[in-house]
Amino acid sequence: MIGLKVTDLSFHYPDRTQVLNGINFQIEPGERVGLLGPNGAGKTTLLLHLNGLLRAAEGTIQVGDLTLSDEVLSEVRRMVGFVFQDPDDQLFMATVAEDVAFGPRNFGFGQAEVDRRVESALEAVGESDLAPRAPHHLSGGERRKVAIATVLSTDSALLVLDEPTSNLDPAGRRELVNLLASLPATLLVVSHDLPFVLELCPRSLIIDQGRIVADGETRQLLLDRELLAKHRLELAYGFDPANIADR
Amino acid sequence: MHMPDGYINLATSAGAAVVAAGGVATSLRNSGKELAERQVPLAGLTAAYVFAVQMLNFPVAAGTSGHLLGGALAAILLGPTLGALVVTVVVVMQALLFADGGVSALGLNVLNMALVTPVVGWLVFRWLMKVLPARTSSAVVSSMVAAAVSVVASATAFVIEYSLGGQGGVAVGTVLQAMVGVHALIGLGEGLITALTVGTVLAVRPDLVKGAADLPLVTDRTAPSRATTVTFVVGGLVAALVLVFVLAPIASSAPDGLEKVALDTGFSEAATDHPVGGPLADYGVSGVDSERAGTVLAGTIGVAATFAIGLAIATLLRRRRAT
Amino acid sequence: MSGSHAHALHYHGHSPVHHLPAETKLVGLLVFVLSVVSTPPTAIWAFCGYALILMIALGLSEVPARFFITRMAIDLPFVLFALLIPFVGVEPKIAIGPFAISEPGLLSAWNILVKATLGAGASVMLAATTEVPDLLRGLQRLKVPVVLVAIASFMIRYLDVVAGEFRRTRVAMAARGHNPRTVFDAKPLAVASGALFIRSYERGERVHQAMLARGYDGTWPSSGNERIAAKTWIVGLTPALFAVIVAIAARLL
């Protein structure tokens with residue numbers, strides 16, 4: 001497992017819209033951290049920086065021992081597993097097995113090793129049977145789990161997930177929590193689903209207008225009504241973090 | 001439009017396959033490395049899009065309906081090279097997965113639908129864009145004309161192929177009249193939908209319209225001047241006339257000597273009583289007994305109709321801008 | 001095209017025809033169809049021979065005849081068109097009742113009908129017995145440029161997604177009373193088509209990001225290129241070989 005350190009990260013689009021404005025935070029190896037914030041706060045933009053899909057004007061990103069740069073881009077992309085919000089964007093090959101094999105093939109593994117990795121990644125998400133199926137025939141929950149398998153197959157040690165519970169039914173959401181909690185990886189999870197974050201991530205960051213505005217224990221953050229209201233975050237009706245036992 | 005096996009003889013089909021393969025190879029070479037690195041998923045998604053909009057049937061006239069070919073649209077959005085590759089993939093997969101279009105006619109179908117339409121559409125579009133003022137409205141109007149002309153060009157390509165390797169039985173003139181006539185009408189629908197599609201994309205993501213890449217990104221809100229409209233009418237008219245008077249005689253001149261007798265006697269009589277493809281009967285050319293005159297008349301009617309619609313769009317646009 | 005399945009012509013099965021490598025079926029299809037097209041329309045017995053070959057293959061494939069015939073309906077517009085030809089064809093004509101029927105037209109109609117039908121039948125056989133990923137691998141092994149195969153693969157993968165988005169838009173429009181009758185009513189559809197293009201393109205951009213995130217560097221990873229045994233080729237091409245024999249016989253006799 002590896003850690004992540006982001007220092008003074010700033011980013012603006014070509015039209016000068018400032019999206020990230022001096023982001024600083026650090027995640028220890030093995031931590032599970034939630035990233036909360038209103039729409040347009042810069043959450044997805046931040047995630048896209050973590051494996052170099054976007055390159056910031058200023059600031060550094062350190063993944064494990066590596067500082068992100070062109071020379072180590074391929075290595076960083078192997079270590080950081082990115083699970084996109086819409087599994088349909090992530091699962092682009094004709095079959096599940098080919099899709100899970102896409103990463104390992106790009107990173108130059110031989111056929112036997114690729115097969116082994118596909119098998120063990122699908123096993124890790126509990127969906128070995130899906131290997132020959134076409135992605136568009138899967139249910140929402142199956143797609144999400146296969147999407148996670150596509151990054152596990154490259155031995156990603158830091159998983160970055162964008163809205164993993166979107167479009168999942170309650171049972172699928174429950175299975176996802178159990179799966180993510182069982183993985184031996186550092187997690188950074190963007191979500192609007194606050195109960196999900198509370199259950200999975202002991203620690204959370206709140207981002208708004210391109211800045212980290214809060215960093216602390218998830219339960220404490222969610223109990224701070226004033227803080228939540230200020231950043232357009234809201235607990236689901238009837239949900240009270242104070243009444244939930246620790247996992 | 002998807003030709004099955006048996007329409008055109010083997011030699012012509014093989015020739016078309018060679019031409020089509022050459023065209024695809026040229027496109028692949030021109031698209032170069034950028035295609036591999038960046039545009040494969042974009043091309044694939046656009047192919048899925050073209051496939052989906054080809055299911056979009058629109059009513060033409062007298063109970064017939066046409067569906068979008070999408071060649072000109074793909075070229076205007078992606079450029080002629082990538083546009084041609086995208087539609088090629090669509091046409092090939094339609095033959096292999098959906099048995100739509102014959103395998104022996106694959107070269108012909110790729111040539112007519114995936115190469116002629118993007119290339120003709122692109123050339124007409126770029127030429128009009130050069131003639132017209134650099135405005136969003138010009139791009140919309142040019143798309144309309146380019147798409148309409150591309151469909152008629154595709155139909156003309158079929159007639160040329162038929163004249164070279166058709167299995168006989170029907171005079172080339174009759175086929176020309178039917179194909180160009182019907183496709184002038186289908187071209188109107190194609191032009192309208194293409195123009196509105198390009199207009200919508202230009203309004204939201206102008207950067208995605210490759211054909212209009214040199215337009216200033218700030219959309220102008222001024223009404224097109226009278227001069228614009230005049231330029232449009234003159235420019236489009238010239239393009240269409242080129243099509244009618246240059247392409248049509250090429251198609252019909254080759255078999256003239258061989259089939260002249262058959263044409264003079266058989267054609268007029270047959271066409272009066274038994275129209276090909278329905279709408280031609282209402283199309284007002286069936287009584288004409290000279291093949292050449294009938295061809296030009298069919299084309300001219302198509303052109304006139306194209307322009308009526310083009311003018312209607314231009315007027316509509318102007319009215320909307322004014323309010 | 002059925003809504004839930006990108007490959008409406010496929011009939012799931014485990015027959016010997018299903019298990020043939022896709023490239024043998026592709027080459028076989030091409031050879032078969034070329035044989036049919038090269039046959040003079042007057043050699044009626046030859047077309048019976050082709051039909052027999054196709055029927056034997058159909059029997060081996062365990063694809064139900066009913067499935068096969070309904071899937072050939074794509075041929076129908078051309079059947080209708082071919083039926084018109086004798087009425088608009090050239091001289092000489094024969095009078096049948098009130099109609100003047102063109103003799104060359106009649107021959108031409110028969111020619112198109114029989115060849116288009118046999119061609120469509122053979123194409124449906126390929127589509128019915130071949131899974132899409134196998135077909136794509138077959139094309140790749142037949143040296144179709146890998147970029148084209150990759151584009152086709154993306155197209156098929158996202159066909160349902162894109163068509164589904166389009167269908168939902170049309171349902172939403174119909175729900176609010178949109179009922180296109182003339183070309184001018186097509187405007188909302190065309191606007192929806194523009195929006196659909198933008199959505200498709202933006203999805204393409206996201207897919208590209210997802211590929212980069214997993215180490216894509218512009219080289220499409222090739223799946224295993226195992227060679228096919230000569231015996232498999234021979235078995236796969238047997239129907240096509242019979243078709244070639246029929247075609248040669250039809251020329252000579």
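These legends describe close-up views of a predicted model.

**View 1. Chain C is built mainly from helices, with 10 helices and two strands.** Read chain C from its N terminus: the elements run α-α-α-α-α-β-β-α-α-α-α-α. The two strands therefore sit between two runs of five helices in that order. Chain C has 253 residues, and 53% of them are buried. Its exposed surface comes to about 11,500 Å². Carbon and sulfur atoms supply 69% of that surface. Now take the contacts in chain C with a separation of 6 or more: 72% of them join residues 24 or more positions apart.

**View 2. The largest nonpolar core holds 189 residues.** Which members touch the most other members of this core? They are L4(A), M93(B) and Y50(C). Helix α1 of chain B, residues 10-54, gives the most to this core, with 16 residues. In chain C, domain 1 (16-138 + 228-252) and domain 2 (143-213) both give residues to the core, so it lies between them. In soluble globular proteins, nonpolar side chains tend to be buried together.

**View 3. L4(A) touches residues from several parts of the chain A sequence.** Leave aside residues up to four places away in sequence. L4(A) then touches F25(A), Q26(A), I27(A) and L50(A). Its contacts also include I61(A), Q62(A) and V63(A). L158(A) and L188(A) complete the list. A second, separate core has 46 residues, among them V114(A), L138(A), V146(A) and L187(A).

**View 4. Helix α2 of chain B is mostly covered.** This helix spans residues 71-78. How many of its eight residues are buried? The count is eight of eight. From start to end, they are G71(B), A72(B), L73(B), A74(B), A75(B), I76(B), L77(B) and L78(B). G79(B) follows the helix, and its phi is positive, near 95 degrees.

**View 5. D8(A) has a positive phi but is not a glycine.** The value is near 50 degrees. D8(A) is found in strand β1 of chain A, residues 4-12. Is D8(A) buried or partly exposed? Its relative accessibility is 43%, so D8(A) counts as partly exposed.

**View 6. E163(A) also has a positive phi without being a glycine.** Here phi is about 50 degrees. Where does E163(A) lie? E163(A) is in the loop between β7 (158-162) and α7 (170-182) of chain A. Its relative accessible area is 9%, so E163(A) is buried. The cut-off for buried is under 20%.

Notes:
Residues are numbered from 1 along each chain as its sequence is written. Chains are lettered from A and ligands numbered from 1 in the order in which they are written. This is a predicted model: local features need pLDDT of at least 70, side-chain atom pairs count only at pLDDT 80 or more; totals for chains, interfaces and linings use all residues. Side-chain values use heavy atoms; hydrogens and water are left out. Helices (H or I, at least four residues) and strands (E, at least two) are DSSP runs, numbered from the N terminus. Buried means under 20% relative accessible area, exposed over 50%, partly exposed in between (1.4 Å probe, protein chains only). Contact means heavy atoms within 4.5 Å. Accessible areas come from the Shrake-Rupley method with a 1.4 Å probe; for residues, only the protein chains shown count as cover. A nonpolar core is a set of buried Ala, Val, Leu, Ile, Met, Phe, Trp, Tyr and Cys residues joined through side-chain atoms within 4.5 Å. Domain bounds come from an automatic or database domain assignment.
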